[in-house]
Every structure is written in C-alpha cells, then in structure tokens.
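Trainee: Got a minute to walk me through this one before I head back to the bench?
Mentor: Sure, pull it up and we'll start with some helix packing.

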Amino acid sequence: MSAVVDAGAIRSWLGLFAEEVGSHVDLLTQLDAAIGDADHGTNLDRGMKAVSGALATADAEPGVLLKTTGMTLVSTVGGASGPLYGTFFLRMAGSASDADSLDPDAFAAALRAGLEGVVARGRAQAGDKTMFDALAPACDALDEALASGATFDDALRAASVAADAGRDATTPMLARKGRASYLGERSVGHQDPGATSAALLVATAARALSTGASP
Amino acid sequence: MKKLINAPADVLAEALLGVEAAHPDLRVDHQNRVIFRGDAPRAGKVGLVSGGGSGHEPLHGGFVGPGMLDAAACGEVFTSPVPDQILAATRGVDGGAGVLHIVKNYTGDVMNFEMAAELADTEVVAVVTDDDVAVQDSLYTVGRRGVGVTVLVEKIAGAAAESGRSLSEVADVARKVNAQGRSMGLALTSCTVPAAGSPTFDLPEDQIEVGIGIHGEPGRTRVPLAPASEMAQMLVDPILDDHEFTGGDGVLAFVNGMGGSPLIELYLMYHEVNRLLGKAGITVARSLVGSYITSLDMAGCSVTLLKLDDELLRLWDAPVRTSALRWGA
C-alpha cells in the first residue's frame, strides 16, 4: 500500500508519453487527416518535446511539474489540442496542489479534475467522438477499481483497458465536436485522433506509475 | 508538390519577414508572430484583433491598418494561434477603450481566444463568425464555420472603431454583419500544406467538392465537374435558401478565390452569381471580387452575400488602408 506518485513518477509518465507521441506522430496525423486537418500528431509532438525540455530544468513537486506541462502545452500546441491538453494538466496541477506525492486516491482525483477541465474547455459530452470518450471511462475504471480495493497497479491497468475500449468505441460515432463534426455522416467509421492520444496518455500512466518494480 | 519555400518549418517566420520588409507602415512582432498597425495602440480607440491559422492570406495580416484591424495573430499553417500570441496582440492594441476579438468559429480558435481573453487585463469582447451554410447548425454540433463574412466583419467593424464608437457598439455592428451574411464554397482541387507536402485530400480531375471550408477539409458532397453557370447555382441556392436577401438596401456580393483560381475565372463566376441574384430579385449594391480568404493553393471559390442597410453601406464605403484592401485613404 506504499504506492505513491511523486515527482519522479510524474516525470517518467510525461517522458514516456512524449516518447509514445513521438513514435505515433504519423498515426495521429493520419487519423486527423481522415476527419480533421492532419495536424494532431505534429502539434502534440511539438508540444510534448517542449514539455520534455521545460521539465528537464524544473525541479519541483508533482503540482509544479503538472502546471509547467499545462502552460507549455497551451503555449506550443495550438489548435484545439493545446487548450484541451493544457487545461487537463493545469487542473491536475490544481488538484495536486503542493503535495510532495499523491496516493492512489489523490492521483485519481487529480485525473478526474483534469477530465473536468477538458469538459469545461471543450464542452464535450460522452459520445461526441472526442478525447473525452477515452478519458472518462479511464477515470471511471480507476475510481471503481480503487474503491473495490484493487492495487494501484491493477487499477491503472483497468483504466488503460477502459481508455483503449473508449478509443475504439469512437470509430462508429458521429462526430459532434471539432472539425470532424463538419463532416456529419462522413465522420462515421474513423477512429478519433484525440481519443487515440488520450488513450496513449492513460497507457503511459499505467506503465510509468505502476509500482511493479518497487516495494 | 512544388512550392516557393525554403524549409517547410520556416514558412511562417520567413513570410513575416517579407511582410515587414514590404510594408513599413506595419510593425511585426516576430517572437509572438503578430502583425500590428504601426501606430498601435491608438488612445481612446477600440482595438480590433483577429487571427487564426496561417494559409488564408491576405486574411488576417493583409487587413491590418487604418479602418480595419489593429493586429493579427498568426498561427502555424491551419493551426490556431496560441493564447500567448493573442494576448500579446491584445495588449499591443489596448488604447483604453477595450479590445474586440474577431474569431472564426473553429473549435481551436474559439478556445485559444477564450483563454487569451481570460488572461487579458483589459475589457475584451469576442465576436465569433459562423456564416458557412454548408455546415448543418444545431444544438448538437459546434455550429457553422467562419469563412467569407469574416473579411466583411473586419472591414465594417474596423470602420466603426475608427469612427470612435464604443466597444459594445463596435461588437454590435460586427454581430450584425455576421447575422446578415452567408457563405458557401467549392473546391476544384485540394490544397497542399507545406509541412505535409502532398494534397490534403484526393479529388479526381472530373470531380468537385461542394461545401468546403478553408482548411482543406472535405466538403458536404462530391459531384461531377459542371459548367460555371451550374457551379454558381450550387453556391447561390443554399445561401438564398438559408436567409432572406431581397428588399432593403440590397446586398454586398463577394466572390472569393480560394488561392489557386485566377481572377479571370472569379470575374466569370461573379457574372454568373450576379445573373442568378438578378433572377431572384436581389439588388446588388456593392461587390468584392478577388482572393481574400484563401486555403493555400486550393482552386475554387466561395460566394458570400451580406444584406446591407444604410449603416453597413456607410461603414463599408469608409476609408481603409491595408495591404489587401485600400480605398478612400
């Protein structure tokens, strides 16, 4: 029960997410080309590279690292992803406050706060075919697993599985937000790029934050 | 795809160097990628800021100057500027009378302008343009895109601000232009984003996309290429179905090129549009023909109609001195 998310864990999560975005640039951009404007991969990659640079010199508690991440994304990504991912991390930072580390419940609460920030900024609802459709099931799965006494590792894995399922479920959806919504019926049959990057965010959290190796 | 560029990543930065060199009466903030009119901020005048992704030139930087915008924030190609840029533009034009943000209705633009307005230390009012009739407007969608009418809003609100009107009055006239304007566009070809290097969508030689936006996104329907007279009808009919344009002081008819169509074709299209409007009993009081809100090298055009009244006529005719629109000054 000693699972905690400290500054080092946040760093490895964001580092891993930056790596995964970097190796999925083409996939994210291709998904966006089908129903958007073909820039999600390159924009998010530019932003996460900037985050890696900013975090390299930042030595602080989780809240400050998350805030730096949010501000950097807002300033470098552009499009809709910048404000959405930026607000996500800024709200996580607000929830983490100045704690030296977050226990599993506090991390879940921070993730939930991030999700609420995304909703406030983008006004998305379930089924709109957006990043919400991957993030919201992940938050729900994390909360439920922790409430039922699962270990943090198992809860994170459950969240990642739920995010992947949520991402896959966007394919048949009719887009109701963002540029994809201009296509109407033509948006059906394409996986949402925002839900795809959001599922990567949750998957990297599961890999980076799991206590597997540590006592 | 051949382009007049050096490295794709440097297109915007190098184009801004050209804007600065060509137009000494403008001031360019290269760090924030903002084009200012040289004498901004003007004390006591409402500041007008617009911006958006690049690739739509002359929108918005070509409309910075007396009688139109005070600043334009330039995002990467087809990517909204970030809040820092919009905030720098807002601060740089704040002459104490507040700042109007003119925002095209795209999710990214709206969010980034919203975040900048929240950070600004002056009064900011945003007017969002959403004139594209190709997009179904309902409670469940993000609504229509802002396209051609944005040019007209910037001209008319710019004239209102120049004449000393208050922020709420300038915002009101901007909203009126948006409410009375409608647009529809078609593409003969896709466009090629410099960083991508290949066309955004495939469009066979004998097909056109009807109901396109300005970012190379596919349109509402794909139909066989037709004579200009029929293509004009495909653009004018949905506009007239959507809004009442007869009566009053007539309309402003705006035939806009998407970037890759020559002016001779735009005038030919204007002739067709004008003929259709005449048949529908609509009086054309003012016209604008040319490539003013573009989608890089896309071939095609859009039609925008604006219902005029005495006030809008006066403001449209007022002097303007920008690199792309210039009369009476």
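**Helices, loops and a chain contact**

Trainee: Which way does H6(B) pass H7(B), left-handed or right-handed?
Mentor: The crossing of H6(B) over H7(B) is right-handed (near helix turned clockwise from the far one by less than a right angle; anticlockwise would be left-handed). Keep in mind that this is a predicted model, where local features need pLDDT of at least 70, side-chain atom pairs count only at pLDDT 80 or more, and totals for chains, interfaces and linings use all residues. Residues are numbered from 1 along each chain as its sequence is written, with chains lettered from A and ligands numbered from 1 in the order written.

Trainee: Okay, and where do the axes of those two chain B helices cross, at what angle?
Mentor: Helix H6 (residues 228-242) and helix H7 (residues 263-279) of chain B have axes that come within 9 Å and cross at roughly 60 degrees. H6(B) and H7(B) are therefore oblique to each other (not under 35 degrees, over 145 or from 65 to 115).

Trainee: Which residues make that contact?
Mentor: From H6(B), B:Ala228, B:Ser229, B:Ala232, B:Gln233 and B:Val236; from H7(B), B:Leu268, B:Met269, B:Glu272, B:Val273 and B:Leu276. Contact here means C-beta atoms, placed from the backbone, within 7 Å.

Trainee: What about H5(A) and H6(A), how do their axes meet?
Mentor: The axes of helix H5 (residues 81-96) and helix H6 (residues 104-122) of chain A come within 7 Å and cross at roughly 140 degrees. That angle makes H5(A) oblique to H6(A). H5(A) passes H6(A) in a right-handed crossing, and the contact includes A:Phe88 and A:Leu90 of H5(A) along with A:Leu111 and A:Val118 of H6(A).

Trainee: Switching topic: which residues of H1(A) are buried?
Mentor: A:Ala9, A:Ile10, A:Trp13, A:Leu14, A:Phe17, A:Ala18 and A:Val21. Buried means 20 or more other C-beta atoms within 10 Å of its own, exposed means 12 or fewer, and partly exposed is in between.

Trainee: And what covers them?
Mentor: The cover on H1(A) includes strand S1 (5-6), helix H2 (25-35), helix H3 (40-57), helix H4 (62-76) and helix H9 (193-209) of chain A.

Trainee: Which H5(B) residues are buried, then?
Mentor: For H5(B), the buried ones are B:Val170, B:Ala171, B:Val173, B:Ala174, B:Val177, B:Asn178 and B:Gln180. They pack against several chain B elements, among them helix H4 (149-162) and strand S7 (181-187).

Trainee: Anything odd in the backbone?
Mentor: Most residues other than glycine have a negative phi, and most peptide bonds are trans. The bond from B:Ala40 to B:Pro41 is cis, omega near -5 degrees, and B:Pro41 lies in the loop between strand S2 (34-37) and strand S3 (47-54) of chain B. B:Leu59 and B:His60 are also joined by a cis bond, with omega about -10 degrees.

Trainee: What is the phi of B:Phe78?
Mentor: Positive, about 60 degrees, although B:Phe78 is not a glycine. B:Phe78 counts as buried, with 29 C-beta neighbours inside 10 Å. A:Ser97 isn't a glycine either, and has a positive phi of about 50 degrees. A:Ser97 counts as exposed, with 12 C-beta neighbours inside 10 Å.

Trainee: Last one: how many residues does each chain put into the contact?
Mentor: Chain B gives 30 residues and chain A gives 24. On the side of chain B that touches chain A, H3(B) gives the most, with five residues.

Key: Helix = DSSP H or I, 4+ residues; strand = E, 2+ residues; numbered from the N terminus. Contact = placed C-beta atoms within 7 Å. Axes fitted to C-alpha atoms, helices over the stretch in contact; angles between N-to-C directions.
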